Amino acid sequence: KSAIMFCGKLNEIKTKIYENENFLEIQTSNKDLGEHTVTVPCEVNGGNLSVVFNYYYILDCLPSFFSEKLLFKFGGENKPLLITGLDDISFKYMVMPIKDL
């Protein structure tokens with residue numbers, strides 16, 4: 001949530017995953033307010049990836065999960081993200097990306 005203060009007009013956040021790292025990097029920037037980067041600890045499987053999303057659509061689904069841990073399945077660059085609970089897969093949520101800015 002700290003990153004959203006620095007979003008642009010499209011509420012965009014850039015998510016970056018680095019192979020062999022244990023974090024997800026979230027970057028935001030606004031020409032009037034500055035830039036912000038935050039890292040979220042996670043387990044990563046797969047290679048490097050960078051995808052831009054509207055933060056609102058990711059935050060909107062979070063209260064619907066009953067699992068303490070979430071699974072983010074990235075389809076690839078400019079492809080949808082599928083979010084499910086790690087322990088409870090009864091709810092699935094898909095987020096479409098924004099074209100990389």
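Is Cys61 buried or exposed? I looked this up before anything else, keeping in mind that the model is predicted. Cys61 is buried, with a relative accessible area of 1%.

**Entry: cysteines**

I searched for disulfides and found zero in the structure. The cut-off I need here is a pair of cysteine sulfur atoms within 2.5 Å. The sulfur of Cys42 has its closest cysteine sulfur in Cys61, at 16 Å, so the two are too far apart for a bond. I noted the reverse as well: Cys61 is in no disulfide, and its nearest cysteine sulfur belongs to Cys42. I then checked the accessibility of Cys42, which is partly exposed at 30% relative accessibility.

**Entry: the four-stranded sheet**

I traced an open sheet of four strands in the order E3-E2-E1-E4, and its pairing is antiparallel. Which strands stand at its edges? They are E3, residues 34-41, and E4, residues 49-54. Each has a single partner strand, so one side of each is left without a neighbour in the sheet. I also took down the turn between neighbouring strands of this sheet, which is 20° on average, direction ignored.

Next I looked at one pair inside this sheet. Strand E2 covers residues 23-30 and is joined to E3 by eight bridges, the two running antiparallel. As a point to find by eye, I picked Ile26, which stands opposite Val38 in E3.

**Entry: the three-stranded sheet**

I found another open sheet, of three strands, with the order E5-E6-E7 and antiparallel pairing. Its edge strands are E5 and E7, each of which pairs on one side only. The twist from one strand to the next averages 20°.

I went through the E5 side. Strand E5 is residues 70-74, and five bridges pair it with E6 in the antiparallel sense. Leu70 stands opposite Gly85 in E6, and Lys73 has Leu82 of E6 as its bridge partner. The hairpin of E5 and E6 has six residues between the strands, and I noted that Gly76 there takes a positive phi near 135°.

I did likewise for the E7 side. Strand E7 is residues 92-95, and four bridges join E6 to E7, which run antiparallel. Ile83 stands opposite Tyr93 in E7. E6 and E7 also form a hairpin, with six residues between them.

How many residues of strand E6 are buried? I get four of its five, residues 81-85 being the strand, and I wrote E6 down as mostly covered.

**Entry: the largest pocket**

I looked up the volume of the largest pocket, which is about 970 Å³. Of the 32 residues that line this pocket, those closest to its centre are Leu24, Val40, Cys42, Leu70 and Phe72. Cys42 is thus on this list as well as in my cysteine entry, where I had it as partly exposed. Leu70 is on the list too, and I had met it opposite Gly85.

Which elements give two or more residues to the lining? I list strand E1 (12-17), E2, E3, helix H1 (55-61) and E5. The largest share, five residues, comes from E5. By residue class, the lining divides into 22 nonpolar, five polar and five charged residues.

Technical notes:
Residues are numbered from 1 along each chain as its sequence is written. This is a predicted model: local features need pLDDT of at least 70, side-chain atom pairs count only at pLDDT 80 or more; totals for chains, interfaces and linings use all residues. Side-chain values use heavy atoms; hydrogens and water are left out. Two strands pair if DSSP finds at least two bridges between them. Axes are lines fitted to C-alpha atoms, for helices over the stretch in contact, and angles run from 0 to 180 degrees between N-to-C directions. Buried means under 20% relative accessible area, exposed over 50%, partly exposed in between (1.4 Å probe, protein chains only). On a 1 Å grid over the protein atoms alone, a cavity is a set of points where a 1.4 Å probe fits but cannot get out, and a pocket is an open set with protein on both sides within 12 Å along at least five of seven lines; lining residues have an atom within 4 Å of a point. Grid points are joined across faces, edges and corners, and a volume is the space filled by probe spheres set on the points. Ala, Val, Leu, Ile, Met, Phe, Trp, Tyr, Cys and Pro count as nonpolar, Asp, Glu, Lys and Arg as charged, and the others, Gly among them, as polar.
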